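Hello,

Here is the structure I promised to pass on to you. Have a look at it first, and then read on for my notes.

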Amino acid sequence: MPRNADAPGVVTISRRGAERLRGGHVWVYRSDILAAKDILPGALVTVRSTVEGGRPPRSSQILGSAFYSTSSEIALRMVAAKPVGDLNLLVRDRIRAAIAYRERFVRNTNACRMIFSEADFLPGLIVDRYKDILSLQILTQAMDSAPMREVVVSELQECLKPAAILEMVDPRVRRLEQLKDKERGLISGVKTSTEFEMNGVRFIYEGLGGQKTGAFLDQRENYAAVTQYARGEALDLFCYQGGFAVHLAKAKTCSRVTGVDSSRPALEIAERNAALNEIEVEWIEANAFDLLRDYADAGRKYDCIVLDPPAFARSRQNLETALRGYKELNLRALQMLRSGGILVSCSCSYHVGAADLLGTVLAAALDSHRTVRLLENRGQSKDHPRVLGIAETGYLKCLVLLVT
């Protein structure tokens, strides 16, 4: 029979898994589990490692407490470096600490990521704030339990007093965690849309539309940075709801701004965002690869091109294909930029490292016989903190480049 939920189980991990934890990471893969008997899905467990040559009672070392998954390849996600007495209190404290971090470091917006999973020591929990609406996403068995949901929602309500809390759903992740199918929808309140601001620019949030948890808040600081360099005619590819395009048009440093995306619903929101800011942007519904190829062949020229594609590499196995995609995009963009133009090249694929993206842009520059200077090598905004030792918390790359 499975262990009683009130009695924390013990999971023994390999030396390799223990070394990974001692190096600052918080994941233990299933291949490093040596013993995990009768552990319930999502249970809080005590993690220990064997000590070679040791004798009882010194035959193992306690490494802390973790959430256990019975299905994911990430079998353990550490929550503390010692045994946890009151899990509910710990989670409430972590939520308050995450909010305090944003209050200290996030500026010029009433929308940001409030909780970023492992980066806020709350593995499996994502919470975004759009003015008076919270968007919540649960990614693990532990966070999906009814008691944990109750703790999270009640603490968010008490600390942030939102008009509504919505739940976003990633079906792929829920399948991997063997969680029940679920539709996105309201957890509390009745409001599902609002207006928010980033860098003095206004945007619409439609909670039950869009993708992921809403707008791309991780690019907020990059939106503002790029306006310092852009000029002339600007082209924003994979523009989604117009983050870069609307910022560029609002800054009035560009004579003309065009946004391109393959999603009609996203472009409809982008059009509304432009109207909200009383600016003009040309919106084109098209496949960005096809459009770049056609425009480059036709000799079209721009002074600023933004490449902000979706993740091309969802796993290490996709890396080679992903790099070919980034190479083609950057090559076409470089062919279309006037001398002195600005290229903004982004990647949100964790498996495409910073060196990979820089090398890909260099290869494209060599093939197109262009000289490229790196103006800024940027990452995600501070509300998406990067924890040293947990490489996966740093995923967004944003290169700002001068092309001659």
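Let me begin with the sheet: six strands form an open sheet with mixed pairing, in the order β2-β6-β5-β4-β1-β3. Its edge strands are β2 (27-29) and β3 (33-35), each of which pairs on one side only. From one strand to the next, the twist averages 45°. Please keep in mind throughout that this is a predicted model.

At the β2 edge, the neighbour is β6 (residues 74-80); the two strands run antiparallel and three bridges join them. If you would like a place to start looking, tryptophan 27 has arginine 77 in β6 as its bridge partner. Helix α1 (residues 15-22) lies across β1 (9-13), β2, β4 (44-50), β5 (60-68) and β6. Relative to β2, helix α1 runs at about 165°.

Next comes a helix further along the chain, α11 (residues 354-368). With 15 residues at 1.5 Å a residue, α11 should span 21 Å, and this agrees with its end C-alpha atoms, which are 21 Å apart. Which residues of α11 are buried? They are Leu357, Thr360, Val361, Ala364, Ala365 and Ser368. Because these buried residues cover an arc of only 135° around the axis, they sit on the same side of α11. The general background will be familiar to you: an α-helix has 3.6 residues a turn, so residues three or four places apart point the same way. On the other side of α11, you will find Ala355, Leu362 and Leu366 exposed.

As for what covers the buried residues of α11, the list includes α10 (319-336), β18 (337-347), β19 (372-378) and β20 (397-403). Just after α11, have a look at histidine 369, which takes a positive phi of about 60°.

Finally, the cysteines. How many disulfides does the structure hold? The number is zero. Cysteine 159 is in no disulfide, and the nearest cysteine sulfur, from cysteine 112, is 14 Å away. With a relative accessibility of 32%, cysteine 159 counts as partly exposed. Cysteine 398 is also in no disulfide. Here the nearest cysteine sulfur belongs to cysteine 346 and is 3.7 Å away, while a disulfide needs the two sulfur atoms within 2.5 Å. Cysteine 398 counts as buried because its relative accessibility is 0%.

Those are my notes; I hope you enjoy exploring the model.

Best wishes

Key:
Residues numbered from 1 in each chain as written. Predicted model: local features only at pLDDT ≥ 70, side-chain atom pairs only at ≥ 80, totals over all residues. Heavy atoms only, no water. Pairing = 2+ DSSP bridges. Helix = DSSP H or I, 4+ residues; strand = E, 2+ residues; numbered from the N terminus. Axes fitted to C-alpha atoms, helices over the stretch in contact; angles between N-to-C directions. Contact = heavy atoms within 4.5 Å. Expected span 1.5 Å × (residues − 1). Buried < 20%, exposed > 50% of the residue type's maximum accessible area, 1.4 Å probe, protein only. Arc of directions from axis to C-beta.
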